[in-house]
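Here is a brief tour of one protein model. It covers open and closed spaces, domains, salt bridges and peptide bonds.

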Amino acid sequence: MNLTGSAEIYGVIGYPIKHSLSPVFQNAAFSHLGLNAVYVPFEIHPDYLKEALYGLKLAGVKGLNVTVPHKEAVLELVDHLDQDAEKIGAVNTLKFTEGGTEGYNTDWIGFLKAIRELENPEGRRVLVLGAGGASKAVVYALVKAGAEVLIWNRTPEKAERLARTFGVRTVSRPEDVVKEVDIIVNTTSVGLKEDDPPLFDYSLLSEGQAVVDLIYKETSLIRSAKERGCKTQNGFPMLVYQGAESFRIWTGCEPPLKVMKRSLQPYGYI
Ligand code: ATR
């Protein structure tokens, strides 16, 4: 990396942020294209989000990714909100310009590009597990792509709220529908820990189904799905694609996807 005094600064804000892999592949992309730019993590406590954004902007930062727990809170702090971000109700990309702060959501398009590597969701029946922050962009993307979406969540009220927002249905137990869906997407945090109890009886999965887990590693859901002949995908492709779309918004350059993916191989991207 050869940075001069006119280097552009980009980054990611979250709390905590130490686990983030975005600096790895964003910096790989800047280097590959010979851009005088750097991408750094900023751990910002929720109590100081507004002040931190103001300070980063004053310091000349050009753009930021926004991750947990700030994606909803930054909605109120932008001057121009992209339509998709407004509909999803979350921002994961900020661009600071002369005209003000622009807020975008690239999670939905990142998810869509990723899942299309596995299976085209158009006309497919999809079970989405979870109704938290990540689920909103996933459900929005699936509806936009023409899928029939069913949402299950441990706390049913949250599933119902999300389903109402996007005009889809909820289910009270994954077991009731798992055999009738083409695609299953896990957006919950279940599987992060090895000893997490399963979300449903994974032996109900059948050959030919597509199973996506937004967690970056091989969870017990993905392992069981592979054993049963399902097509599988972990969270890495979505991570790269959402970041690639942020990169495009900031730089106007075509993101070097192969380079971005390769840079994550030491961290488990296959
Ligand atoms: P994210 O932004 O990653 O989606 P989140 O908004 O905190 O994070 O959402 C976490 C999701 O994981 C929620 O759907 C949550 O279910 P609840 O709404 O019932 O809390 C789900 N989740 C977390 N732990 C879970 C568990 N042990 N069993 C089932 N679902 C769980």
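For the counts by class below, Ala, Val, Leu, Ile, Met, Phe, Trp, Tyr, Cys and Pro are nonpolar, Asp, Glu, Lys and Arg are charged, and the others, Gly among them, are polar. By that scheme, the lining of the largest cavity has 4 nonpolar, 3 polar and 2 charged residues. The model is predicted.

**The cavity**

How many cavities of 30 Å³ or more does the structure hold? The count is 1. The largest cavity has about 40 Å³ of space. Its lining is made by Val-190, Gly-191, Asp-196, Pro-197, Tyr-202, Asp-213, Thr-219, Ser-220 and Leu-221.

**The pockets**

The table sets out the linings by class, with a volume for each space.

| Space | Volume | Nonpolar | Polar | Charged |
|---|---|---|---|---|
| Largest pocket | about 1,400 Å³ | 20 residues | 19 residues | 5 residues |
| Second largest pocket | about 240 Å³ | 8 residues | 4 residues | 4 residues |
| Largest cavity | about 40 Å³ | 4 residues | 3 residues | 2 residues |

Start with the largest pocket, at about 1,400 Å³. It is lined by 44 residues. Closest to its centre are Val-68, Ala-134, Thr-187, Thr-188 and Ser-189. Strand 3 (63-66), helix 5 (133-144) and helix 8 (236-251) are the elements that each give two or more residues to this lining. Which element gives the most? Helix 5 does, with 4 residues. Both domains take part: domain 1 (8-105 + 237-267) and domain 2 (108-234) each supply at least three residues to the lining of the largest pocket.

Now the second largest pocket, with a volume of about 240 Å³. Its lining has 16 residues. Lys-226, Thr-232, Gln-233, Asn-234 and Ile-270 lie nearest its centre. Here the elements giving two or more residues are helix 7 (220-227), strand 12 (231-233) and helix 8. Helix 8 thus appears in the lists for the largest pocket and the second largest pocket.

**The two domains**

The chain is divided into domain 1 (8-105 + 237-267) and domain 2 (108-234). Domain 1 is written as two stretches of the chain, 8-105 and 237-267. How many Å separate the domain centres? Taken over C-alpha atoms, the separation is 25 Å. In the contact, 16 residues come from domain 1 and 17 residues from domain 2. About 1,500 Å² is buried between the domains. Carbon and sulfur atoms give 63% of that area.

**Salt bridges**

The structure holds 16 salt bridges. Between domain 1 and domain 2 the count is 4. One salt bridge in the structure pairs Glu-245 with Lys-113. The closest N and O atoms of Glu-245 and Lys-113 are 3.2 Å apart.

Another salt bridge joins Lys-18 and Glu-43, with the closest N and O atoms 3.4 Å apart. This pair links distant parts of the chain, 25 residues apart. Lys-18 sits in the loop between strand 1 (8-14) and helix 1 (22-32). Glu-43 belongs to strand 2 (residues 37-43).

**Cis peptide bonds**

Which residue is joined to Pro-16 by a cis peptide bond? The partner is Tyr-15, and omega is about 5°. Pro-16 is in the loop between strand 1 and helix 1. Lys-18, from the salt bridge with Glu-43, is placed in the loop between strand 1 and helix 1 as well.

A cis peptide bond also joins Val-68 and Pro-69, with omega about 5°. Pro-69 is found in the loop between strand 3 and strand 4 (80-81). Val-68 brings the tour back to the largest pocket, where it is one of the residues closest to the centre.

Key: Residues are numbered from 1 along each chain as its sequence is written. This is a predicted model: local features need pLDDT of at least 70, side-chain atom pairs count only at pLDDT 80 or more; totals for chains, interfaces and linings use all residues. Side-chain values use heavy atoms; hydrogens and water are left out. On a 1 Å grid over the protein atoms alone, a cavity is a set of points where a 1.4 Å probe fits but cannot get out, and a pocket is an open set with protein on both sides within 12 Å along at least five of seven lines; lining residues have an atom within 4 Å of a point. Grid points are joined across faces, edges and corners, and a volume is the space filled by probe spheres set on the points. Domain bounds come from an automatic or database domain assignment. Contact means heavy atoms within 4.5 Å. Buried area is the accessible area (1.4 Å probe) that two parts lose on being put together, summed over both. A salt bridge is a side-chain nitrogen of Lys or Arg within 4 Å of a carboxyl oxygen of Asp or Glu.
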